[in-house]
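Hi,

Here is the structure I said I'd pass on. Have a look at it first, and my notes follow below.

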Amino acid sequence: MTESRTGGPQEQGSQWYDGEAGPLVRPYAMTGGRTQSGPTGVHFDLIALVTLDPTAPVADDEPALGPEHLALIELCRSETQSVAELAADADLPVGVIRVLLGDLLELGRVTISRPVPPAHLPDERILREVIEGLRAL
């Protein structure tokens, strides 16, 4: 017997545990086989910002929430994070994070701030003229 990362004993040679990699759970098992981020078809950009909804219920014992959902909630509890940061911090593939965030969005647990589309950003030429004008002052 060896100790797992979660502190529980694991049988040596168990097919569900790898000593170096940790528990072996396929991504589709975490998402219930889903690949889309909810029935609304929301797509989460890597730089989209995820924040806990302050009006959301605090109880984390909701049956629809799995351990991965709870981990994402905990990561967002201290500060707003991007989808890419959540994937890195949770050590999960971005595709899985997107599906889980879709669940949390539907449950009203998180809010998403989408990045500004490039078409709505100011023209680079205008920004350079402003910088040159400020330098002239």
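First, how far to trust it: this is a predicted model, with a chain average pLDDT of 75 and 64% of the residues scoring at least 70. The stretch to watch is residues 1–14, where the pLDDT is below 50. That stretch still has 18 contacts in the model beyond near neighbours in sequence. Where pLDDT is low, though, the predicted coordinates should not be read in detail.

Now the sheet I spent my time on. Three strands form an open sheet in the order 6-5-7, and the pairing is antiparallel. Strand 6 and strand 7 (110–113) each have a single partner strand and stand at the edges, so each has one side without a neighbour in the sheet. Strand 5, which covers residues 49–52, pairs with strand 6 over two bridges.

The residue I'd zoom in on is Gln81, which sits in strand 6 (residues 81–82). Across in strand 5, Val50 has Gln81 as its bridge partner.

So is Gln81 buried or exposed? It counts as buried, because its relative accessibility is 5% and the cut-off for buried is under 20%.

What does the side chain of Gln81 have for polar company? One of its polar atoms lies 3.0 Å from the backbone oxygen of Leu75. Leu75 also turns up among the residues that Gln81 touches, along with Ala48, Leu49, Val50, Leu86 and Asp89, leaving out residues up to four places away in sequence.

Cheers

Notes
Residues numbered from 1 in each chain as written. Predicted model: local features only at pLDDT ≥ 70, side-chain atom pairs only at ≥ 80, totals over all residues. Heavy atoms only, no water. Helix = DSSP H or I, 4+ residues; strand = E, 2+ residues; numbered from the N terminus. Buried < 20%, exposed > 50% of the residue type's maximum accessible area, 1.4 Å probe, protein only. Polar contact = N/O pair within 3.5 Å; in protein donor to acceptor, adjacent residues only side chain to side chain. Contact = heavy atoms within 4.5 Å. pLDDT = per-residue confidence, 0-100. Pairing = 2+ DSSP bridges.
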